[in-house]
Amino acid sequence: MAEKRIRISRPEEKFIYIDKAVGKLLPSAGESELKVLLYALCEQEFSVSEAAAYLKLTVGEVESALCFWRGAQLLDTEGADRPSSPAKLSLFQSYDGELLAKQVEENPTFKALCDYMGKKLEKLLNKNDLNSLFYLFDYVGLSAEYLMALTEYCVQKGKRSMQYILKTALGLFDEGVDSYETLEAWLCRKRSADDNIRRLAATCGWGDRELTANEKKYVRHWFEEAQASYELVHLAYEKTVDAIGKVRLAYMNKILDSWFEKGYRTPEEVNSGRQETKKTPESSSSFDADDFFAAAVKKGMSSDDE
């Protein structure tokens, strides 16, 4: 698909008008910002890749510069898409302090967002905080409602850093979680998984300690990626402990992956599938759930899976 072209609006074809506000932004504008501004005003219509090639800048540098001038309301970049991968762009020093202060004063939605963030993070937002927040709100295009809901979740996890919220928001955006509706669905899954992980930690006797990297790998696979129910994982836990007398996540994982492959999502489906297997004429040689578990344990006992 052809790259989208950006059209810059200006009063006359033969003249370039530069607003007085540009002078106030010069101290915070870098070489790439100035190059892109002059190029945009001269060319009027172009693609990001064309500008990058002509100015000998990266695509990210051009997008960041356009963000700077669009945020200053000096360029109207008609047709410009939101970034496909904002995490790769320059996030700081993109907005002038005076511009940010003006947005807080004159944009009621952004002001309400800043007030909310200050209360939730229990701090007075500094310039970097405001820069990051306005970047997400203005350039990435995340709504105030989205950012408030995400912040609430992060705070509940004990994360009150704007940097953590910024990183999380950009990561979700890259995954396609880019609207309040998709965020709500993600939060629902995440909270359910977090609750199931806490229940499993209590069952396994892990207490409130931080999970190891190996433990996180398994529980996230079960509860986040596969979206397994707690009851199904607990059944795998019971089978493991009954067989070898202790918790071995590698063995539990072998059982659960076998059930996932067969489409089993509940303990009832596991038991039903096992009964159906035993009813077949080939039941003496069938490889049902219990047979698989026995083989998995035997194989695991001879290898160091964890």
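How many helices and how many strands are there in the protein chain? There are 15 helices and three strands. The model is a predicted one. This report starts with the whole chain, then moves to its cores, its largest pocket and a few single residues.

## The chain and its confidence

The protein chain has 306 residues, and 43% of them count as buried. Take the contacts with a separation of 6 or more: residues 24 or more positions apart account for 71% of them.

How sure is the predictor, and where does its confidence drop? The average pLDDT of the chain is 80. A score of at least 70 is reached by 74% of the residues. Two stretches call for care. Over residues 85-93, pLDDT stays under 50. The model still has 28 contacts beyond four places in sequence for that stretch. Residues 301-306 also have a pLDDT that stays under 50. For them, the model has 12 contacts beyond four places in sequence.

## Two nonpolar cores

The largest nonpolar core has 38 residues. Leu133, Leu136 and Leu183 have the most contacts inside it. Six helices each give two or more residues to this core: α5 (97-106), α6 (108-121), α7 (127-140), α8, α9 and α10.

Which residues does Leu133 touch, not counting those up to four places away in sequence? Its partners are Phe110, Leu113, Cys114, Met117, Leu125, Leu147 and Met162.

A second core is separate from this one and has 29 residues. Ala193, Val219, Ala228 and Phe260 are included in that second core.

## The largest pocket

The largest pocket has a volume of about 1,100 Å³. Its lining is made of 27 residues. Tyr153, Lys157, Lys190, Asp194 and Arg220 lie nearest the pocket's centre. The elements that give two or more residues to the lining are α8 (144-156), α9 (162-174), α10 (180-203) and α11 (213-225).

Which element gives the most to this lining? It is α10, with seven residues. By type, the lining divides into 14 charged, nine nonpolar and four polar residues.

## Residues in loops and in a helix

Five residues make a useful set for practice with burial and exposure. The table gives the relative accessible area of each.

| Residue | Relative accessible area | Class |
|---|---|---|
| Pro27 | 76% | exposed |
| Lys56 | 73% | exposed |
| Gln227 | 48% | partly exposed |
| Arg199 | 35% | partly exposed |
| Leu57 | 15% | buried |

Start with Pro27. This residue lies in the loop between α1 (21-25) and α2 (31-43). Pro27 and Asp96 are 69 residues apart along the chain. Their C-alpha atoms are separated by 8.8 Å.

Next come two residues from one loop. Lys56 is in the loop between α3 (48-55) and α4 (59-71), and Leu57 is in the loop between α3 and α4 as well. Is Lys56 buried or exposed? Lys56 counts as exposed because its relative accessible area is 73%, and exposed means over 50%. Leu57 has a relative accessible area of 15%, so it is buried; the cut-off for buried is under 20%.

What does Leu57 contact, leaving aside its neighbours within four places in sequence? Leu57 is in contact with Ser32, Val36, Ala52 and Val62. In sequence, Leu57 and Val36 are 21 residues apart. In space, they are 9.4 Å apart, C-alpha to C-alpha.

Lys56 has a backbone feature to look for too. Its phi is near 60°, a positive value in a residue other than glycine. Gln227 also has a positive phi, near 55°, and is likewise a residue other than glycine. Gln227 lies in the loop between α11 and α12 (230-244). Gln227 counts as partly exposed because its relative accessibility is 48%, and partly exposed covers the range between the cut-offs for buried and exposed.

Last is Arg199, which lies in helix α10. Arg199 is partly exposed at 35% relative accessibility. Leaving aside neighbours within four places in sequence, Arg199 is in contact with Tyr230 and Glu231. Arg199 and Tyr230 are 31 residues apart in sequence. Their C-alpha atoms are 8.0 Å apart in space.

Terms used:
Residues are numbered from 1 along each chain as its sequence is written. This is a predicted model: local features need pLDDT of at least 70, side-chain atom pairs count only at pLDDT 80 or more; totals for chains, interfaces and linings use all residues. Side-chain values use heavy atoms; hydrogens and water are left out. On a 1 Å grid over the protein atoms alone, a cavity is a set of points where a 1.4 Å probe fits but cannot get out, and a pocket is an open set with protein on both sides within 12 Å along at least five of seven lines; lining residues have an atom within 4 Å of a point. Grid points are joined across faces, edges and corners, and a volume is the space filled by probe spheres set on the points. Helices (H or I, at least four residues) and strands (E, at least two) are DSSP runs, numbered from the N terminus. Ala, Val, Leu, Ile, Met, Phe, Trp, Tyr, Cys and Pro count as nonpolar, Asp, Glu, Lys and Arg as charged, and the others, Gly among them, as polar. Buried means under 20% relative accessible area, exposed over 50%, partly exposed in between (1.4 Å probe, protein chains only). pLDDT is the predictor's confidence in each residue, from 0 to 100. Contact means heavy atoms within 4.5 Å. A nonpolar core is a set of buried Ala, Val, Leu, Ile, Met, Phe, Trp, Tyr and Cys residues joined through side-chain atoms within 4.5 Å.
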